[in-house]
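Me: Please take a close look at one part of this model for me, with side-chain detail. Keep the sentences short.

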Amino acid sequence: MRLPPLPPGLRRPLAHAALAGLLAGCLSLLLPDQFRAEARILPDAGHAGSQGHTGIWAPTAPPVVPGTREDGPTVIYDDILRSRRVADGVLSAVYEYGARSWRFGRLRSRRGTLLQYLGAADVDRALGDFRRLLRVERNPKSGLLTVTAETRSPELSLQVVRLATEELRRALVDLAQAEGRNRARATQARLEEVGAICSARDEAFQRFQDANRNWETSASPNLRYQGLRLREQLVLWRRVQENLTLNQEQALLEARNDAQTLLVLDAGDLPRAKSRPHRSFIVFGAMVVTGTATWAALNRTKVHDLFIAKEKP
């Protein structure tokens with residue numbers, strides 16, 4: 001079957017477009033493939049379920065716990081992942097991975113830090129490239145946090161994502177432990193004060209009983225009232241001392257707790273398919289731009305009459 005001949009005005013633009021597409025396709029093969037690994041983190045209150053709540057009484061209001069801000073439980077996670085602390089840990093870690101220098105290049109095994117991969121001398125110079133490599137997106141409605149890393153190696157992308165998640169977990173544990181230590185110190189100071197008050201109340205009640213041995217059966221209402229009042233005050237302060245002791249023990253447990261604080265929905269899988277570059281779009285774009293430019297150059301008069309002459313008064 002013979003195809004109809006092309007109009008004379010389109011032969012050269014189409015030929016140039018085909019040539020540009022072929023050249024763009026060849027050049028795009030020199031671009032290394034990029035692989036993207038993803039991890040998803042669910043909203044989690046961390047230690048909020050136990051911190052500051054012993055089930056009896058707390059001397060102060062519950063503290064602000066990492067991961068429980070009013071505008072979303074994973075907002076603090078987003079801030080931590082973008083912090084210098086996480087960047088230092090991820091950039092300085094040593095990775096083992098395989099990478100190609102171009103599309104059909106030989107797969108070579110490499111070992112080194114992310115600083116060496118980015119070609120930066122120090123962390124300060126690598127921060128810009130690192131924050132483009134490691135992206136954090138948060139769904140404002142559900143609070144779901146998505147952490148993605150995109151490099152030339154699927155193994156490296158996966159390791160970066162998982163290490164960033166682990167650095168986030170460590171940061172949350174450190175913050176929760178620091179909060180527990182602060183609460184333990186504050187509770188200990190208050191416990192010493194209450195202990196002194198209990199001792200004073202106990203001595204006052206003992207002196208009263210020594211002076212009034214049968215005060216409970218005394219005919220004097222005033223004497224019975226004084227005895228009941230001293231005993232109730234002593235019982236109250238002993239209860240306060242007991243609750244403070246429980247709160248201090250809870251704070252000490254939180255200060256030593258290094259358990260997992262993240263609800264990781266997806267820890268990340270090894271990416272098999274590339275995420276970039278989109279070579280078909282590069283070829284198509286080069287063909288469209290070149291073909292359009294060639295047609296416009298061959299039809300300068302028509303383009304001038306259609307687009308330029310009409311704009312002149």
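Reply: Start at the surface. Leu10, Leu14 and Trp295 make a nonpolar patch of about 250 Å² there. Patch members have over 30% relative accessible area and no salt bridge; like charges are joined within 9 Å, nonpolar side chains (Val, Leu, Ile, Met, Phe, Trp, Tyr) within 5 Å. Areas come from the Shrake-Rupley method with a 1.4 Å probe, and for residues only the protein chains shown count as cover.

This is a predicted model: local features need pLDDT of at least 70, side-chain atom pairs count only at pLDDT 80 or more, and totals for chains, interfaces and linings use all residues. Residues are numbered from 1 along each chain as its sequence is written, and side-chain values use heavy atoms, with hydrogens and water left out.

Back to the patch. Leu10 sits in helix α1, residues 8-28. Helices (H or I, at least four residues) and strands (E, at least two) are DSSP runs, numbered from the N terminus. With a relative accessible area of 37%, Leu10 is partly exposed. Buried means under 20%, exposed over 50%, and partly exposed in between (1.4 Å probe, protein chains only).

Now the inside. A nonpolar core is a set of buried Ala, Val, Leu, Ile, Met, Phe, Trp, Tyr and Cys residues joined through side-chain atoms within 4.5 Å. The largest one has 38 residues, and Val90, Tyr95, Leu114 and Val160 touch the most other members. Helix α6 gives this core its largest share, nine residues. Another core lies apart from it; this one has six residues, including Leu191, Cys198, Trp237 and Leu244.

Take Tyr95 from the largest core. Contact means heavy atoms within 4.5 Å. Beyond four places in sequence, Tyr95 contacts Val90, Arg110, Arg111, Gly112, Thr113 and Leu114, among others. The list for Tyr95 also includes Leu156, Gln159, Val160 and Leu163.

Helix α6 is worth following for its charges too. Opposite charges can pair when the charged atoms of their side chains come close. A salt bridge puts a side-chain nitrogen of Lys or Arg within 4 Å of a carboxyl oxygen of Asp or Glu. The structure holds 17 of them. One joins Glu166 and Arg169, with the closest N and O atoms 3.0 Å apart. Both residues lie in α6, three residues apart, about one turn of the helix. Glu166 is partly exposed at 26% relative accessibility. Arg169 is buried at 15%. A network of salt bridges links Glu166, Glu167, Arg169 and Arg170. Glu167 is also in α6 and is buried, at 10% relative accessible area. Outside its sequence neighbours within four places, Glu167 contacts Val86, Gly89 and Val90.

Two further bridges. Arg111 pairs with Glu96, and their closest N and O atoms are 3.0 Å apart. That pair links distant parts of the chain: Arg111 is in strand β3 (residues 108-113), Glu96 in strand β2, 15 residues apart. Arg111 and Glu96 are both exposed. Arg40 and Glu38 form the other bridge, at 2.9 Å from N to O. Arg40 is partly exposed at 27%, and Glu38 is partly exposed at 26%.

Leu145 has Arg40 among its contacts, along with Ala39, Ile41, Thr74 and Tyr77, leaving out residues up to four places away. The same list for Leu145 includes Asp78, Leu81, Val136, Glu137 and Arg138. Leu145 belongs to strand β5, residues 145-151. At 0% relative accessible area, Leu145 is buried. Its C-alpha atom and that of Tyr77 are separated by 8.1 Å, while the two residues are 68 apart along the chain.

Last, the rings. Rings of Phe, Tyr and Trp (its six-membered ring) pair if their centres lie within 6.5 Å; planes under 30 degrees apart count as stacked, over 60 as edge-to-face and the rest as tilted. That rule gives three aromatic pairs. Tyr97 and Tyr117 have ring centres 6.4 Å apart and planes at 80 degrees, so this pair is edge-to-face. The pair links distant parts of the chain: Tyr97 is in strand β2 (residues 94-99), Tyr117 in helix α4 (residues 114-118), 20 residues apart. Tyr97 and Tyr117 are both buried. Phe205 and Trp215 also pair edge-to-face, 6.3 Å centre to centre with 80 degrees between the planes. Phe205 is in helix α6 (residues 154-211), and Trp215 is in the loop between α6 and α7 (221-256), ten residues apart. Phe205 is buried at 7% relative accessibility. Trp215 is buried at 3%. With Phe208, these two form one aromatic cluster.
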